[in-house]
Every structure is written in structure tokens, then in C-alpha cells.
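Hi there,

Here is the structure I promised to pass on to you. Have a look at it first, and then read my notes below.

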Amino acid sequence: MTLPETITDIAARVRAGDCSAEEVVRRSLDRLEEQDSRLGAFLDCTGERALSRARQIDKARARGAEVGPLAGVPLAVKDNICTDFGSTSCGSKMLAGYRSAYNAAVVERLEQAGAIIVGKTNLDEFAMGSSTEHGFRGATRNPWNLQRVAGGSSGGSAAAVAARVVPGALGSDTGGSIRQPSAHCGVVGLKPTYGRVSRYGLVAFASSLDQIGPITTNVRDAALLLGVIAGHDSRDATSVDSLAADYVAGLDRPLKGLRIGVCAGGDDVAEASDAVAQCVAAAVEEMRGAGAEVVPVRLPHSRYAVACYYIIASAEASSNLARFDGVHYGHRTDQPENVADLYARSRGEGFGAEAKRRIMLGTFVLSSGYYDAYYAKALKVRTLIKRDYEQAFSEVDLIAGPVSPTAAFSLGEKTGVPMDMYVTDVHTIAANLGGFCAMSVPCGFDSDGMPVGLQLAGPAFAEGRLLAAAHQYQLRTDYHKMMPDTAGGTACA
């Protein structure tokens, strides 16, 4: 029997009894075992628990009980999202071997809907990176080319979905960490509006920027997952008090009459490569041909987004990561000489180079002599960037552009030059600074056969409009159907 591949099809067929949850989960675990030694997408496999839950779902369905809209769907979760099973290491030696006492709100909602978590995925340490090369267990490799990065910091989740180990996964997005790896791996990644999805149980990096979202092979599955994980949570003070919409039901909204903004040029600090620019332009033309109106927009302060972001994010990181000191949480050094040595050596041994760099930068910009010159000024620039987008969204429904300046780069290419790595986030950062929604959709390939992503951004709480436009684009293209060799097929539909 041929087993279904997408979240939508798996859930429908398990609920109908056409296939069992155990069969689907076993196939996922077999793929994980076959492929992850090459990919490095997972930090922990929770296979026995997953099979046990699959059997429970099959028994419940057999006796006629309700099994949920995600019945039997195997999923993966980024390892900075707390689970009371498996690890929650955040890709850091500081939390190596840590087991959370509780589940994150999104994990609770997934499991209540019948989903089955098969493992925790690799990431840049504490989600600080753009390539998933900064974790203590090594890099995640791109399924399309094992010598290229998977993107970051949710590279493990994106690679696992691209390689069809799982049909969907959760990532976190602080400055593009869902969208950028999704673009590099040729899958769909959605950053919801800040407050749309509960952050309860997400280990904080930058609390005013972090947001959890889905990574899937297609837009319909992303809409289905978002509908499950979204909604108010009283345990998260930033959670918006509103019910999640039926995002799947709204996917048939046509493109005709939709106003899509395209940046007039000169506003970003990094231009896209020719291959990326051509793929994005072709995608916009495809949408225009389906009835959308393309309108130029100006975003004059976006050139300052990278500098603004790295000041604010690093400042918040230095505060959030202060708790990991060898006393309250995390790695503790052996035989410290005194209390000061305990703190210094525990943090020095537990944190990697990139985490230390951001902690030090954040501590500097928050210090009494530099707060006004850097942090306070960055907050003002953040407001200007947000206003630019709000003005643009008063004129257009969505804004289209690249996700990343280039397709996936080679492993090790940028790790020694932090600024080169930081600039890869130039197109994605504004959505986090402004708190609005944005997503990546596959829109082509470069000359080396590496995927390229189209970014669509919408106003706050316009996920329905965003998903509908992306879905209509996918109805007219096949890029999301193409798979890398590591998925068990060839790079074709």
C-alpha cells in the first residue's frame, strides 16, 4: 500500500482507516534512521514514544473515538521548544542532556490534535545563527547538496521536511529563522504575527522578536498546522486574545484584485543575486498574470534593519541567557576555585562562540555609558521601520521580495566572518522588528540546482490573506513538489 505524504492526506486517510498511524510513523522513523547520519537534522529521536502514541490513535479510531485533525501525522519540533519527553538542549552544551518538566503550548496543541512528535531538530545554539552550523552537535546539511548549509537557525526542521523524513515541523523565527532555511531547502515556512502563536515553552532568545511557526512541503499543510497551534494562551502575556481562524477554508480566495507591493529598489543593504532576483521576478509576474496588481513601494529605513536588529536581539539575548550560569540552570564546571570562577568557567565552557559574541554585544549596548547611543537609538529606528511597512500596507495587501540574497551557501563559507552571515538576514528581519506576518514559498532554482524562496509579507494578523495568495501561486507552479535526491527520489516533481 502506498502511504500518503502530506499532512492533509495523512490525517484524512488515518481518520478514514485507509492506513494506520503506526504504519505512517514507522515509515518516518525508517527515513530518519536512513538519512540523518548524512543530514544531521535531528538532535534526539523519540521513536518509542511516537510508536506508542500511534498505536493509541489507531485503537481510538477503531472504537469510533474522535482522533483529531492531525491524527497520525508525524512531526518534528525544533530543540528550543520544550517537551517533557526527549531533549531540550537548544543546540548548546550549556543544556546538554536537559529534560524539560513540561510541554510548550504548541506541543500540547499538536498532540491534542492527534499529531505525533518523532524527534527534536538541530539548530544554531539558542537559535543564534543563519546556517545551523553553530550547534554543539555539528552542522545540519542541506538535502539538495550536502556541502551546502540548510540555513538557520531552524535548519534541522527545514532539512527534515525537505528530505521527507516528516511532512511538517515547527521552527522559531527571531529574524528569519523559519523563512530563510525554508527557502534554502525548498519548503514552505511561515512566521506568524507576533502574539498569534503562544511562546509559552519556547526558550527565549529575544523575547520581543521570537515567534513559533510551521515548516511544511506545501501551503495547505502550513495553513492546517497554523490553525492548530494558533490562538490565545493565558500563560503567555504577549499572546493575543483571539481565536484561531480556519485558514484552510480561506485558501481558495483568488489573486484577482490583490495588490502586491514590490520594493522600488535601493532600500536594502544587500542586493539579491541575479538568480534569486530572476526567480522572484518570475514569481511576481506569475501572480500578476493570475490577476494580481503589482505596485512599487518604498521602505526607506530597511537599510538600517540589520544593525537595528542585532543591537536589539543581542541586548535581549544577554538578559535572557543570564539565567544559564551553572547555578540556576545549565552546565556547571568541575571543581571551581571560588564562586566567581564557577560562574566564569561554567558560562565559558557552556556557551559557544556565536552565543558569547551576542551576549557580549548585548551587554555592551545595555551598559550605562552606551545605552542611549545604541540600544535606545535602535528602538527608535525599529519604530521607523515598522511605520514604513504600515504605510506600505495601507497601499497594498502584501509585499513580495526575496527571502535571502543568495541560495544556500557552502558549509564554512561564512562562519569566520560574522557580518557576512548577519547580512544574509537582511530581507527577513523587518517582519520581526515590525511584528507582522511573512512566509517563504519555493519559487525556483539557481544554476547549481539550489532552491530559491519567494517572501510574501502581510500586515499584522493577515495570515489568511498571506496563505491564500501563496496557495494560489502554488496552484500555478510545481516548485514545491520537487524533492532532493535524499528524499528517496530525484530532483523532479
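Let's begin with one residue: Phe 364 sits in helix H11, which covers residues 353-366. Please keep in mind that this is a predicted model. Is Phe 364 buried, exposed or partly exposed? Its relative accessible area is 36%, and because partly exposed covers the range between the 20% and 50% cut-offs, Phe 364 counts as partly exposed. Together with Leu 361, Tyr 370 and Tyr 374, Phe 364 makes a nonpolar surface patch of about 350 Å².

Now for the sheet. In general, the strands of a sheet pair through backbone hydrogen bonds, in a parallel or an antiparallel way. Here you will find an open sheet of 11 strands with mixed pairing, in the order E1-E3-E2-E6-E8-E7-E12-E13-E11-E9-E10. At its edges are strand E1 (42-45) and strand E10 (293-297), each of which pairs on one side only. On average, neighbouring strands of this sheet are turned by 30° against each other, ignoring direction.

One pair to look up is strand E11 (residues 398-402) with strand E13 (residues 451-458): they pair in the antiparallel sense, over four bridges. Within that pair, Ile 399 stands opposite Ala 457 in E13.

Finally, two helices lie across strands. Helix H7 (residues 219-229) lies across several, including strand E2 (74-78) and strand E8 (211-216), and runs at about 145° to E8. Helix H8 (residues 274-289) lies across strand E9 (259-263), E10, E11, E12 and E13, at about 55° to E13.

Enjoy exploring!

Best wishes

Conventions:
Residues numbered from 1 in each chain as written. Predicted model: local features only at pLDDT ≥ 70, side-chain atom pairs only at ≥ 80, totals over all residues. Heavy atoms only, no water. Patch = residues over 30% accessible without salt bridge, like charges linked within 9 Å, V, L, I, M, F, W, Y side chains within 5 Å. Areas by Shrake-Rupley, 256 points an atom, 1.4 Å probe, with all protein chains shown as cover. Salt bridge = Lys/Arg side-chain N within 4 Å of Asp/Glu carboxyl O. Buried < 20%, exposed > 50% of the residue type's maximum accessible area, 1.4 Å probe, protein only. Pairing = 2+ DSSP bridges. Axes fitted to C-alpha atoms, helices over the stretch in contact; angles between N-to-C directions. Contact = heavy atoms within 4.5 Å.
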